[in-house]
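Q: Could you walk me through this structure, starting with where the protein meets the DNA?

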2 protein chains.
Amino acid sequence: MKESIEHKALRERGLRITQPRIVVYRALADVKAPLTAQEIVHSARLVDQATVYRTLELFVEAGIARKVNLQSGLVRYELNSDDHHHLTCTRCERVEDFRGCHVEKISSHALAHSRFFSTITSHSLELFGLCNSCSRT
Amino acid sequence: MKESIEHKALRERGLRITQPRIVVYRALADVKAPLTAQEIVHSARLVDQATVYRTLELFVEAGIARKVNLQSGLVRYELNSDDHHHLTCTRCERVEDFRGCHVEKISSHALAHSRFFSTITSHSLELFGLCNSCSRT
DNA sequence: CCCTATTTGCGAATTATTCGCAAATAGGGT
DNA sequence: ACCCTATTTGCGAATAATTCGCAAATAGGG
């Protein structure tokens with residue numbers, strides 16, 4: 001029998017497999033857009049608030065998920081699947097993914113000019129605009 | 001007699017010149033790193049909390065300042081001087097600026113592949129790493 | 001099946017942000 | 001310089017977001 005994806009993700013990093021962690025993982029897996037902690041709390045009513053926050057932090061540390069910051073100021077989380085970024089509508093908050101980010105050049109350029117850094121471990125790139133239906137009105 | 005920079009910024013966008021606005025502007029101008037609303041509240045004790053939040057929102061709408069999202073999850077604000085980005089230490093939160101971001105290529109590539117968007121109005125790019133002194137330990 | 005380290009749920013504390021409304025005030029007109 | 005009014009502020013309190021401490025529950029190795 002096949003091991004589920006969420007079990008695999010947890011087991012691979014030596015984390016205990018618990019109900020709350022599976023629930024949070026699925027909440028993230030089920031949607032396309034990045035979720036806030038509160039959105040997960042409300043969707044997954046069975047899991048306690050504090051646990052959701054703790055689990056999300058854990059996921060980020062373990063590399064299972066990552067934080068995403070959109071304009072709103074709320075931290076959002078999404079599974080760390082692969083290297084994609086977001087194009088967010090500043091009016092309706094619709095999110096579309098895009099790929100093909102060549103931050104390497106930018107990073108190496110930045111590093112070359114940096115006085116205090118010699119390692120870059122991650123980056124965040126977000127594009128903002130108006131989606132077609134919002135720009136029509 | 002010369003008009004101060006903060007008066008100019010406010011007047012140019014048709015905003016009233018008030019004490020709180022000047023204080024918040026100076027708080028942002030005086031530091032190099034982006035500040036949270038709370039940091040400004042605590043530094044500028046004379047200005048009420050609610051006013052600080054309102055003023056920051058106003059500045060963003062007016063284009064005087066912009067929001068910056070670092071890992072922490074707190075929204076930070078900085079003056080909208082020119083197009084620079086940040087290299088942030090994930091350990092100690094030290095921030096260094098860098099220039100030379102060529103997001104245009106990335107944006108146009110993203111737009112070309114987008115199904116729902118045809119305008120990009122802004123972007124955010126943040127690099128994260130370890131600063132030299134943190135990576136030593 | 002036990003045993004223990006880990007994780008959870010709960011309740012409550014903190015912290016961040018927003019709101020409503022009356023008092024204060026900026027700045028145009030005179 | 002002085003009114004007048006629309007705007008902005010401060011205050012107090014509400015709301016929302018996040019974190020904490022601790023006792024009860026439980027995952028998973030032996």
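## Around DNA strand D

A: We can begin with B:T18, where an N or O atom of the side chain is 2.8 Å from a phosphate oxygen of DNA strand D, and this falls under the term polar contact, a pair of N or O atoms within 3.5 Å, where inside protein one atom must be able to donate a hydrogen and the other to accept it, and residues adjacent in sequence count only if both atoms are side-chain atoms. Please keep in mind that this is a predicted model, in which local features need pLDDT of at least 70 and side-chain atom pairs count only at pLDDT 80 or more, while totals for chains, interfaces and linings use all residues. As for conventions, residues are numbered from 1 along each chain as its sequence is written, chains are lettered from A and ligands numbered from 1 in the order in which they are written, and side-chain values use heavy atoms, with hydrogens and water left out.

Q: Ok, and which elements give two or more residues to the surface near strand D?
A: They are α4 (49-62) of chain A together with α2 (19-30) and α4 (49-62) of chain B, where helices (H or I, at least four residues) and strands (E, at least two) are DSSP runs numbered from the N terminus. The largest share, four residues, comes from α4(A).

Q: What does A:I17 do with a phosphate oxygen there?
A: A polar backbone atom of A:I17 is 2.8 Å from a phosphate oxygen of DNA strand D. In the side chain of A:R16, an N or O atom is 3.3 Å from a base nitrogen of that strand.

Q: How many residues surround the strand?
A: There are 17, and the closest are A:I17, A:Y53, B:T18, B:T51 and B:R54; a residue is near a strand or molecule if one of its heavy atoms lies within 4 Å of it.

Q: What classes are they?
A: The surface near DNA strand D has seven nonpolar, four polar and six charged residues, with Ala, Val, Leu, Ile, Met, Phe, Trp, Tyr, Cys and Pro counted as nonpolar, Asp, Glu, Lys and Arg as charged, and the others, Gly among them, as polar.

Q: And which parts of the strand are within 4 Å of the protein?
A: Of the strand D atoms within 4 Å of the protein, 62% belong to sugar or phosphate, and the rest belong to bases.

Q: New topic: how many aromatic pairs are there?
A: A search of the whole structure finds two over all chains. In one of them, the rings of A:Y25 and A:F59 have their centres 6.3 Å apart and their planes at 70°, so the pair is edge-to-face; rings of Phe, Tyr and Trp (its six-membered ring) pair if their centres lie within 6.5 Å, and planes under 30 degrees apart count as stacked, over 60 as edge-to-face and the rest as tilted.

Q: Where do A:Y25 and A:F59 lie?
A: A:Y25 is in helix α2 (residues 19-30) of chain A and A:F59 is in helix α4 of chain A, so the pair ties together parts that are 34 residues apart in sequence.

Q: Are they buried or exposed?
A: A:Y25 is buried, with a relative accessible area of 9%, and A:F59 is buried too, at 0%; buried means under 20% relative accessible area, exposed over 50% and partly exposed in between, using a 1.4 Å probe and protein chains only.

Q: What about B:Y25 and B:F59?
A: They form an edge-to-face aromatic pair, with 6.3 Å centre to centre and 70° between the planes. This pair links distant parts of the chain, since B:Y25 is in helix α2 of chain B and B:F59 is in helix α4 of chain B, 34 residues apart.

Q: Can we do helix α5 of chain A, and which of its residues are buried?
A: In α5 (residues 103-113) the buried residues are A:V103, A:I106, A:S107 and A:A110. They cover an arc of only 100° around the axis, which puts them on the same side of α5(A), the arc being that of the directions from the helix axis to the C-beta atoms.

Q: What is on the face turned away?
A: That face of α5(A) carries the exposed residues A:K105 and A:A112.

Q: And what covers the buried residues?
A: The cover includes β6 (117-131) of chain A, together with β5 (95-98) and β6 (117-131) of chain B.

Q: Last one: what is the phi of A:E93?
A: Phi of A:E93 is near 70°, a positive value in a residue other than glycine, and A:E93 is found in the loop between β4 (85-89) and β5 (95-98) of chain A. For background, most residues other than glycine have a negative phi.

Note on methods
Contact means heavy atoms within 4.5 Å.
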